[in-house]
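Trainee: I would like to take a close look at a single part of this structure, and to see how that part sits within the whole.

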Amino acid sequence: MDPVVEAKKSLYGLTINELSQVVKEEGLPSFTAKQIADWLYKKDVTSIDQMTNLSKKSREQLEEKYQIGLSEHIKVQQSADGTKKYLFKIGNDKFVEAAYIPESDRATLCVSTQAGCKMGCLFCMTGKQGFQGNLSTIEILNQLRSIPEFRTVSNLVYMGMGEPFDNLENVLSSLEILTSDWGYGWSPKRITVSSIGIIPAMLTFLEKSNCHLAISLHNPFDDERKQMMPIQNVYPIQKVIAEIKKADLGRQQRVSFEYIMFDEINDTDRHIKEMGKLLNGLKCRVNLIRFHQVEGSPLKGTPDARIIEFRNALTAKGIFTTVRASRGQDIQAACGLLSTKELNKKSSQS
Amino acid sequence: MTKQRLIKNVFLVLYINLNCKMISWNQQKYTTEVVLENKMIAPSAYILKFRRKFNFSAGQVVGLGVNVAIEPRLYSIASGEDEEFIEILYTEKSDGQLTPMLSLLKNGDRVLVTQPYGTFTNYSDSPVFIATGTGIAPFISAIKSKRVSNVTLIHGVRACDYFYFSDMLKKQLGENYIQCCTGFASSEYFDGRVTKYLREFPVNPNKKYYLCGVAEMVVDARDILISKGVPFSSIISEIYF
């Protein structure tokens, strides 16, 4: 029988403290951690051997136990409007998606933080997969690093599969790598983390990160939001907003609210009035999102004309409101659809 | 400041914190409670018991922890509103951070408990409760608290050992207590998951349905109920996360 070969650990996705620990364990000079970070996050190397300011002996030593650890996507779909949806395999049997959305003046990448999701929102396709696991820091960042458009991405949104605040530690590590001087050195203004509002994790995020925060609101009424989003039972949106109002936000930090428009469910004048009350006194933006019906869903999307009326009514109440452009409809760019199909394919084969 | 005075101040702060009933634990209020019982009721399944010092509504959760270094995890209260003790039903997850430590707690040990919160609490008349595993806890609390009448309870487990509180439920609910078991075929139980049961048997679209358990069950059961004519507004869910 062959001896068990221990899998090599990945260097990519490690923070500077974690890299310092690696070089300490390997008996390498402490400054090597910063050098490795440079190669990983500024020079985009794909092998340890390319880290040429490390001695050959150090590189060989690292290669015995470590690898860079990047992995390619296994599938890509491209929309007529240029939107691309990348599918990544995680482990043996999990799949996550990242959506690349180019525009004239920017290019946004939407990344996933979990395989599946535990939150069980009524309108969400990802939730139908159940929960399969948290993504590690490397698995989150790999969705950015491993796509061909990596260096053209101007904005990153954590709005793909999963609930970022249910995987806070790895999300915060990925943000640290993206925004630190020793990492990618991105401005936090280029990154938005979207959550349904898990209050303790949200407060930790606001304390530790200057990245933008987006909250999935979708209904201002307690009893109605409960029907769509079970999290309302534990962390009601009213308390989420009260905590945000109390929080000491950075000067550049922006809070926005995502609001998927469901026909005659959350788009009435009553909802406009309640939104006005709920967001009163909070500097924020509301982002209205068209709902594209999925098979079996009891929900229908609000007609465009009503979405515009809703936007105008909120704007008249002093709430900065925008309507998100629908992108990648021909490839069903909404998160969860491609990976669900891949999971179904896999289970039908097994 | 002298070293001696510094040490004294540190002890003073510790003393104040340990004796203060409500202190901050990662933005949460909590108390330290004495474990009165931590009993294994099925393989890897436990009921943790401590004295009730707060009022709560059936269906609410508390955060539990063994020290402040580990984030509290949320558990539904499984005891009745008027009972002298709080009971928490939990299963030990071998890969979990907290439950292997919780399972080691002995009588007299300390456990950190947040204030109760959550609003999975208002149940209609003649509700249908659907739960898997320890997701039965809020419904047990509601039944013990006599907050509901004419209850139907559908409980799904992987082995018959995990039909928690089944004696009480059989006695109180009779035929309205439906046990679904995936790991053991018996004429006593429905052979299969709760979702299989919902698919195979008629559902009353005029009732209110309350679901509690892992997201996969909640999402699947909700889809089945909707496909059988239950309005989504009649389905309220609590999820584990």
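How many helices and strands are there in chain A, and what covers the buried residues of α4(A)?

Mentor: Please keep in mind throughout that this is a predicted model. Chain A holds eleven helices and 14 strands, and its radius of gyration of 22 Å is close to the 20 Å that the globule rule gives for 350 residues, so chain A is as compact as a globular protein of that length. Taken along the principal axes, the C-alpha atoms of chain A fill a box of roughly 70 × 50 × 40 Å. Of the contacts in chain A with a separation of 6 or more, 66% join residues 24 or more positions apart, and buried residues make up 45% of the 350 residues in the chain.

With that setting in mind, we can turn to the helix itself. Helix α4 of chain A, which runs over residues 137–145, is mostly covered, with eight of its nine residues buried. A residue is called buried here if 20 or more other C-beta atoms lie within 10 Å of its own. The buried residues of α4(A) are A:Thr137, A:Ile138, A:Glu139, A:Ile140, A:Leu141, A:Asn142, A:Gln143 and A:Arg145. As for your second point, what covers them includes three strands of chain A, namely β1 (9–10), β4 (84–90) and β5 (94–102), together with the helix α5 (168–179) of that chain.

Conventions
Residues numbered from 1 in each chain as written. Chains lettered and ligands numbered in written order. Predicted model: local features only at pLDDT ≥ 70, side-chain atom pairs only at ≥ 80, totals over all residues. Buried ≥ 20, exposed ≤ 12 C-beta atoms within 10 Å, placed from the backbone. Helix = DSSP H or I, 4+ residues; strand = E, 2+ residues; numbered from the N terminus. Contact = placed C-beta atoms within 7 Å. Rg over C-alpha atoms; globule rule 2.2 N^0.38 Å.
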